[in-house]
Each structure stands twice: as C-alpha cells, then as structure tokens.
Amino acid sequence: MVNHIWLWMILSGVVAAVVQGRVDLVTQAALTGAKEAVAVCIGLISILVFWMGMMRIAQDAGLLEKLARLLRPAVRFLFPSVPPDHPAMGYILSNISANMFGLGNAATPMGIKAMEELQKLNPDPKTASPAMCTLLALNTSGFTLIPTTIIGLRMKYGSADPAEIIGSTLLATMISSLVAILLDRWFRSRYFRSRAE
Amino acid sequence: MEWINWISKLMIPALIVFIPLYAAYLRTVPVYESFGEGSEEGFPTAVQIIPHLVGMMVAVSIFRETGAMQFYLKLFQPLLSLIHFPEESFPLALLRPISGAGSLAFVESIFRAHGPDSYLGRLVSTMQGSTDTTLYVLTVYFGAVGIRRSLYAVKVGLLADMAGFVASWLIVTMVFGS
C-alpha cells in the first residue's frame, strides 16, 4: 500500500504541475523535500544520541525490566509473540509511556530501540513482523495524555484556556488508538491465516 | 488544568536526574561509560533513516507544492458539505498523516484566522493532538531497522487517523458546541 501512496503522490503532483504548465515545480518540490528530510535527520541525531545514551543507563540499571514487569499483562495482551522477559518489552513500555506524557522527542529513540529489539526476533529482517506492526499502530495513532505541542501553540496564540482541549483530545485519541489496536488484531489474524494456507 | 502542563514540563528533567542517580547509587552502574556505549548507536541510526525519509518527503513535497493536494481538497468538498463536516478543517485531515510540520503550520493558520478558542480552533487542536504523522513515523521506525515491506501497517495507521478525525469532530461539537 505504501508503494501505491508513494507513486500516487508523485504522479498526481506531476500531472498537476503539467496542467498548470509549470513542470519546474516538480523539480523544485523534489529538491526541497529531499533537503527537508536530511534536515529532519540531522535534527534527529542529537535527540537519538542523547536518549539512546540515557536508555542504556536505564537498561544497565534494570529500570526497563522493572517497567516491563509492572505493566506485563497489558503488553502481553498486545504483543503475544514477544517473550515476556525479552528486552523489547522494556523499550516498548518506555516508548508508550513517553508518548503518553507528550515527550515526543524521547519517544522516538525509545521506539527505535524497541524496533531494534523486535528485529532480533524477526525471522525475515526485510519484512515487518506482526509485533512491529502493533508497535507502529500504537505510535501512529498518537496516543497521548498531554498534547504538549498543541497546548504550547494555543498559549502562543493567546488562548483563554490553552489546556481546555485535553479532555476532548484524550477521548479522541482513545478512540483512534482503540481503532488502531482492533484493526491491527484483525489484519494480523488475516495475515496469519493467509500464511497458513 | 495548569498542573498537567507542569507534569509534562517536569518529566524530562526528572528522568535526566532519576535514571543516572538510581543507576549509580542503587545499582553501581558506571553511568558515564554506559551513556557513551548507548549513545554511540544514535548517529548511525540517524544516518540509516536519511534515505528512507528523503524518499518519503520528496513524494510528500511534490504532492503538496504542485497543487495536487489542493485539487483533491476541491474534489472532496461537495461530499464534505453533504455530511456537514467543517470544510475549513479538512486540509488538516489530508495533511496530518503525511507532514508533521505542514499540519502544525496549518493549525497555526487557523489559530491566526479564527483564534484558538473558536470552534475551528478547538477542533483542529483536538485533531492535531489526537493523531500522529503516520507516514513519518512509519518511515523513521521501519527505516531505522531496515524494514522494506510494511505489511498492513500503513492501512492500520491511516484508518486510525481517520477514526481520530471523525471522533474529534463529534466530540468537539458535543463538548463545546458548534
């Protein structure tokens, strides 16, 4: 599906540019897109380096294991294919907690560490495992208790009550996350069935 | 509700103090060496993501900058007015899954035009806060470990975004009134 989306975005962009008689827009857009992507990754370097260092301390101190043990039933339900004592569990939980508290910067390195651990359990390193898809579903549905970025932005624009959207956001994000988890389960069982045949 | 903001602000400093202190004094971990070992992985991971993100963001940029996105927005307009979906917020639904910076800029433009405490302001706040940039998250997380085939992950992410938008619309209308 990602192949279709990718092709479709490029194709419709080229068609739109041609219709307007401005094919040069495509070249320009491609170059700015590439530049932005590299800039984002450069920005990621500092965050990844710092948090991966911190996470290693937490792991060496056994903190991640503790966190995993604390919330074991929930993760076992979500990730039945991951052994409960696997280090992936600790990273998955720290990723989810960081997302919940709106620590977007810290959540990404933790999520990537979790993916690395899940990759060790993955029989085919080029294809996502079902556990990886579940972790991704949890992250793309944007589950959060405190939408920090938005509250900050509302403050900047002089909102009388910047935090008033916390309740509505929480409810909406619970629904979208629930939908993500249910869909993930459904697609996962379909995937296993199609492989069994 | 101020305290909620405080929790979030205090969280990172608290972690930065708590993790090394706990490790050093309760578990005798050589904290600085440990930090160094872990942080070494940060740079190669960031570099590993570059080609994946370039591929994705080039396509997103072409889609947005050439006006193709505008075309699709116009195409869906009649359908949206039919179900009374607030039209002004629709660009966010299309922008949110593909571009984090782009959707945030759109939210700002709504704040500037209508104010953050208007119906639209609250609606886009809730929409932005309750969803994430699906394509970016997918590219970064899978790119970092070299996954090429993403199975059904994109479908799940995009459908969940859609659920988040519809839920935001209904909830904000019910809670704050239109």
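Modeller: Domain bounds, as used below, come from an automatic or database domain assignment. The model we are discussing is a predicted one.

Biologist: Which domains does the assignment give for chain B?

Modeller: The C-alpha centres of the domains called domain 1 and domain 2 of chain B lie 36 Å apart. With bounds from the assignment, chain B divides into domain 1 (9–40) and domain 2 (44–176).

Biologist: What is the radius of gyration of chain B, set against the globule rule?

Modeller: Chain B holds nine helices and zero strands, and its C-alpha atoms fill a box of roughly 65 × 40 × 30 Å along the principal axes. For 178 residues the globule rule gives 16 Å, and the value for chain B is well over that, so the chain is more spread out than a compact globule, with a radius of gyration of 21 Å.

Biologist: What percentage of the residues of chain B count as buried?

Modeller: Burial here requires 20 or more other C-beta atoms within 10 Å of a residue's own. Among the contacts in chain B with a separation of 6 or more, residues 24 or more positions apart account for 62%. Of the 178 residues of chain B, the share that counts as buried is 48%.

Biologist: Which element gives the largest share of the side of chain A that touches chain B?

Modeller: The contact takes 90 residues from chain A and 83 residues from chain B. Several helices of chain A give two or more residues to that side, including H1 (2–19), H2 (24–60) and H9 (166–196). By class, the side of chain A that touches chain B has 58 nonpolar, 25 polar and seven charged residues. The largest share of this side, 26 residues, comes from H2(A).

Biologist: Between which domains of chain B does the largest nonpolar core lie?

Modeller: This core has 111 residues, and those with the most contacts inside it are A:Ile92 and B:Ala153. H2(A) gives the most to the core, with 13 residues. Both domains of chain B also give residues to the core, so it lies between domain 1 (9–40) and domain 2 (44–176).

Biologist: Which residues does B:Ala153 touch, not counting those up to four places away in sequence?

Modeller: B:Ala153 is one of the residues with the most contacts inside the largest nonpolar core. Leaving out the residues up to four places away in sequence, B:Ala153 touches A:Ala128, A:Cys133, A:Leu136, A:Ala137 and B:Leu138.

Biologist: Which residues are exposed on the other side of H2(B) from the buried ones?

Modeller: The buried residues of helix H2 (residues 31–39) of chain B are B:Val31, B:Ser34, B:Phe35, B:Gly38 and B:Ser39. These cover an arc of only 125° around the axis, which puts them on the same side of H2(B). The exposed residues on the other side of H2(B) are B:Tyr32, B:Glu33 and B:Gly36.

Biologist: Within what arc do the buried residues of H8(A) fall?

Modeller: In H8(A), the buried residues are A:Ile150, A:Ile151, A:Leu153 and A:Arg154. They line one face of the helix, because, seen down the axis of H8(A), they fall within an arc of 160°.

Biologist: Does A:Phe50 count as buried, partly exposed or exposed, and with how many C-beta neighbours?

Modeller: A:Phe50 has its place in helix H2 of chain A, and its C-alpha is 29 Å from that of A:Pro130, a residue 80 positions apart in sequence. A residue needs 20 or more C-beta neighbours within 10 Å to be buried and 12 or fewer to be exposed. With 18 C-beta neighbours inside 10 Å, A:Phe50 counts as partly exposed.

Technical notes: Residues are numbered from 1 along each chain as its sequence is written. Chains are lettered from A and ligands numbered from 1 in the order in which they are written. This is a predicted model: local features need pLDDT of at least 70, side-chain atom pairs count only at pLDDT 80 or more; totals for chains, interfaces and linings use all residues. Two residues are in contact if their C-beta atoms, placed from the backbone, lie within 7 Å. Helices (H or I, at least four residues) and strands (E, at least two) are DSSP runs, numbered from the N terminus. Ala, Val, Leu, Ile, Met, Phe, Trp, Tyr, Cys and Pro count as nonpolar, Asp, Glu, Lys and Arg as charged, and the others, Gly among them, as polar. The radius of gyration is taken over C-alpha atoms; the globule rule is 2.2 Å times the number of residues to the power 0.38. A nonpolar core is a set of buried Ala, Val, Leu, Ile, Met, Phe, Trp, Tyr and Cys residues joined through C-beta atoms within 7 Å. The arc is that of the directions from the helix axis to the C-beta atoms.
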